[in-house]
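Student: I have a structure open and would like to learn how to read it. Could you take me through it one feature at a time?

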Amino acid sequence: MLAEQTGVILKVVPINDRGEILFDEFRNLLGPKTRLVSVAHVSNALGTVLPVEQIVATAKLQGIPVLLDGAQGIPHQHVDVMAIDCDFYAFSGHKMCGPTGMVVLYGREELLEKMPPYQGGGDIAPPCGVEPGSKFFRPQMKLSLPTWSTTPILFHGRCSRNKRA
Ligand SMILES: Cc1ncc(COP(=O)(O)O)c(C=O)c1O
């Protein structure tokens, strides 16, 4: 969908018969025009655990940010986004036995700061009039529209603590 909307070219990393990514081919797909690497932490179809640290380190050599889909990673293991060093990590709350209908997006702060809101309104900007180029609030407000749904967030926090315990 993003490719259709923006014209970006989507390149798919090939895998072998065991579902492992072909690392040399992955490396060869990266180039100066690569804007983002996005892979699942754990494949839902095959159960393959991807070498995410190695993927991030390789992308980082060329300054390419990495987004990990954690839908199958987060329920099955302790995830340390700092150790993996990824730029984004996303999963939905119910994958941690939390409530449905909420999504967690971890993002590196300096990248979130640079990202424009995906839609406008609500509390995303401080009172600033209607001029173009208005300053936006910090990322957690800028990407959260409209008023936060606090009940599932609080419930999810409890589920996260239970998972760690
Ligand atoms: C790898 C992966 N990504 C995304 C999803 C979608 O997750 P959800 O339906 O919880 O939003 C799933 C669902 O299981 C998945 O396995």
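Tutor: We will go from the sheet to the core, then to one strand residue, two loop residues and the ligand. Keep in mind that this is a predicted model.

Student: Let's begin with the sheet. In what order do the four strands lie?

Tutor: The general idea is that strands of a sheet pair through backbone hydrogen bonds, either parallel or antiparallel. Here the four strands form an open sheet in the order β1-β2-β3-β4, and the pairing is mixed. β1 (37-40) and β4 (103-107) are at the edges with a single partner strand each, so one side of each has no neighbour in the sheet. On average, neighbouring strands are turned by 15° against each other, ignoring direction.

Student: Which strand pairing is parallel, and which is antiparallel?

Tutor: β2 and β3 (residues 88-92) run parallel and are joined by three bridges. Within that pairing, Leu67 has Phe88 of β3 as its bridge partner, and Asp69 sits opposite Ala90. On the other side, five bridges connect β3 with β4 in the antiparallel sense.

Student: What lies across β1 and β2?

Tutor: That is helix α3, which runs at about 160° to β2. For β3, look at the two faces: Tyr89 and Phe91 are on the covered one, while Phe88, Ala90 and Ser92 are on the uncovered one.

Student: Now the interior. Which residues make up the largest nonpolar core?

Tutor: In soluble globular proteins, nonpolar side chains tend to be buried together. In this model the largest nonpolar core has 10 residues: Val37, Val42, Leu50, Val52, Ile55, Ala59, Val66, Leu68, Cys86 and Tyr89. Two elements, α3 (52-60) and β2 (66-69), give two or more residues to this core. The most come from α3, with three residues.

Student: Tyr89 is in that list. What does Tyr89 touch further along the sequence?

Tutor: Leaving out residues up to four places away in sequence, Tyr89 touches Leu68, Gly70, Val79, Val81 and Tyr106.

Student: Can we take one strand residue, Ala90 in β3, and ask whether Ala90 is buried or exposed?

Tutor: The answer comes from counting C-beta neighbours. Ala90 has 17 of them inside 10 Å and therefore counts as partly exposed. Ala90 stands opposite Leu105 in β4. Beyond four places in sequence, its contacts are Leu67, Asp69, Gly70, Val103, Val104 and Leu105. A distance to try on your screen is Ala90 to Gly107: the two are 17 residues apart in sequence, and their C-alpha atoms are 8.6 Å apart.

Student: What should I look for in the backbone angles?

Tutor: Most residues other than glycine have a negative phi. Asp85 is not a glycine, yet its phi is positive, about 70°. Asp85 belongs to the loop between α4 (81-84) and β3, and is partly exposed because 15 other C-beta atoms lie within 10 Å. Cys97, also not a glycine, has a positive phi of about 60°. Cys97 is in the loop between β3 and β4 and counts as exposed, with 12 C-beta neighbours inside 10 Å.

Student: Finally, which residues surround the ligand?

Tutor: Start by listing the shell, then sort it by class. Around the ligand are Ala40, Asn44, Asp69, Ala71, Gln72, Ser92, His94 and Lys95. By class, that gives two nonpolar, four polar and two charged residues.

Note on methods: Residues numbered from 1 in each chain as written. Predicted model: local features only at pLDDT ≥ 70, side-chain atom pairs only at ≥ 80, totals over all residues. Near = placed C-beta within 6 Å. Nonpolar A, V, L, I, M, F, W, Y, C, P; charged D, E, K, R; others polar. Core = buried A, V, L, I, M, F, W, Y, C linked by C-beta atoms within 7 Å. Buried ≥ 20, exposed ≤ 12 C-beta atoms within 10 Å, placed from the backbone. Contact = placed C-beta atoms within 7 Å. Pairing = 2+ DSSP bridges. Axes fitted to C-alpha atoms, helices over the stretch in contact; angles between N-to-C directions.
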